[in-house]
Structure formats: structure tokens, C-alpha cells
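Work through the exercises below with the model open. Try each task before reading its solution.

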Amino acid sequence: MSRLQATKISTLKGHRDCIYALEGGQEAGTFFSSGSDGLLVKWDLAKPDEGHLFAEVHSSVYSLKKDLNKNRLLAGKNFEGLLVFDLQSQKIEKALQLTKAAIFDIAITNSLYWIASGEGLVQALDSTNFDIVFSRLFSDKSARKLALSPDQKWLAIAYSDNYIRVLDLHSGQLSFEWEAHANSVFSLQFSPDGQFLLSGSRDAHLKIWEVEAAFRLHKDIVAHTFAINAIEYHPRLDFVATASMDKTIKIWDSTAFKLLKVLDKVRHAGHATSVNNLYWEPTQEKLLTCSDDRTIGVWDIKF
């Protein structure tokens, strides 16, 4: 493995339960977190010990997505739908009861908010009037993750029935579906150049799919010992990180897909329990990780 240097520079505390979601803020070096405690917290990497309570809701929040064009933060809850916050006032602009199941992920295209829910439903809302303009139930198992291709042609959806399904956003039609893993697919990410789709599963495999070859399998890696919860590309360099229920974060070369570094508790003061999500902050290029251990790790990784 490479001798790249990885240092945990901060451990952010304040959440009272498992942390599931991380999302960038509207200012450079800021980000949001949420989890089982219903707290939406805003952090500033310049002042890591001063988390600011953005909002408190009375249910778990599994997903966060910012819409800077409309100055909003979207929060997907575990059973009561979607909350839309005004970033300036921190007030709820809209509360939408879209599903009685958990909202596991949110994606934004030009004028639409895409929602993936625990009942298998995929919906798209008009971002201006919040009308539902697309609603399809492709499976009775959970839709866990959404991945938007860089050219916004494809929307890939990871499901708990082991399948990946891909919508053509130009036509609104389901173009591809295949059994991708031996267990639930939890994580999904297109490469920045749009060449590959990466998927991670409860089966602990990381798979790389060739987009232009009708999502043909390019590589299958036994990447972790338990479920892969998140995949996140470096904002500038050819590296990708994975996070797992096995308590580790792994850094990979995203060209050859070779393992470069394992970040764990024993050697790197990593997390004590499942690592649930990742966010690579683009301005300072710090890797942020969140866990069931109620903490957020801030990592300086020098390549």
C-alpha cells in the first residue's frame, strides 16, 4: 500500500445518537450533520469545537441535501417525509408528507428534487411548487441511494433487493436494471469523469461498472469485512474513499482501484463503531466521516 499520510485532526462531538448524514454548507469550510437524535448541526472547520444547532426535529434524519440556487437545505426523515429549510432564516419553508417510510437519499437535478424511500418509491418534485412530477415503485424493497451522472443523463438507484436501476433522465424511462450484488446495495457513486459507476453493498464488495458499456462489470473487489455504507471521491485528485460497518475507512486509487490506506481505531484513532457516511470538503480537502459512535472525524490526507 502507498505511504500516503493520514492524520485525524479533529473529533467533533455534540450529537446524542448515531450520525447518518453529512452535507456541505453554503460557505467554504462549513458542513451539516444529522442523525438519530433529530439534530441538524452546522459546523465550521475553522472552529471545529463550536457546532451550531441549525434545527431540531422530532425524528431521525437520514439524508441531507443543499440547494444553493434556492438557498435551501432538504432533510429526509425516518417516517414523516421531507423538510425544506430556508438556509438564511433556518425556518421550515415546507413540510411534505411524501411517504410513511424513511427517506434514505435526496438528489437534485436542474429543477427537480429526487427522493428515494424505504418503501421502494422514487419520486421527483418540482423545486418551485413542490408538485410531484414523477413517482415510480420499481421494487417493494428500500431505495437506499441515488447517484447522478456528471452530465445529468443518468440517475442510478441502489436497492435493498440487490439491484441497481438506472433512469434515463432525458426520457424518464428505466433504461437498465440488474442484480448487482449478493445483498442490499447501500452505496452508489459515479466517477467525476462519468466513466464508471461504483457500488457498495452489505456483501462487503465494491464493484465498478462501465457506464458506456451498458454498465458492464469492470472490477469486483472484496473491499471490507462488513457492509459498505458510503463511497466518496476526492474533489480534485484520483482517489476515492469507502466507509464500512466494519468501523474502517479505506482510501483507494480511483484509476487502478488499488487500496492505498486503511483508517481504523487502533492505528489512526478512527471510529469505534460503524462508519455511516463520508464527505470530502472541497475547499480545504478534508475528509469528514460520521459514525454510530456519535462523533465526526476530520481527516487530513496528504497524497
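Two exercises follow, on a predicted model.

**Exercise 1. Decide whether the radius of gyration of the protein agrees with that of a compact globule.**

Solution.
1. Start with the chain length: the protein has 303 residues.
2. A compact globule with 303 residues would have a radius of gyration near 19 Å.
3. The protein has 18 Å, which agrees.
4. Add the outline: along the principal axes, the C-alpha atoms fill a box of roughly 50 × 45 × 30 Å.
5. Check burial: 58% of the 303 residues count as buried.
6. Check the surface: about 12800 Å² is exposed, with 45% of it supplied by carbon and sulfur atoms.

**Exercise 2. Place strand E27 (residues 287-291) among its partners and describe its cover.**

Solution.
1. Count the elements: the protein holds one helix and 28 strands.
2. Take the strand before: E26 (residues 275-280) pairs with E27 in the antiparallel sense, over five bridges. Valine 275 has serine 291 of E27 as its bridge partner.
3. Look at the link: six residues lie between E26 and E27 in this hairpin, and glutamate 285 in the turn has a positive phi of about 55°.
4. Take the strand after: E28 (residues 296-302) runs antiparallel to E27, joined by four bridges. Here leucine 288 is the bridge partner of valine 298.
5. This second hairpin has four residues between its strands, with arginine 294 at a positive phi near 75°.
6. Now the cover: five of the five residues of E27 are buried, that is, under 20% relative accessible area.
7. Sort the side chains: Leu287, Thr289 and Ser291 point one way, Leu288 and Cys290 the other. Both sets are buried.

Key. Residues are numbered from 1 along each chain as its sequence is written. This is a predicted model: local features need pLDDT of at least 70, side-chain atom pairs count only at pLDDT 80 or more; totals for chains, interfaces and linings use all residues. Side-chain values use heavy atoms; hydrogens and water are left out. Helices (H or I, at least four residues) and strands (E, at least two) are DSSP runs, numbered from the N terminus. The radius of gyration is taken over C-alpha atoms; the globule rule is 2.2 Å times the number of residues to the power 0.38. Buried means under 20% relative accessible area, exposed over 50%, partly exposed in between (1.4 Å probe, protein chains only). Accessible areas come from the Shrake-Rupley method with a 1.4 Å probe; for residues, only the protein chains shown count as cover. Two strands pair if DSSP finds at least two bridges between them.
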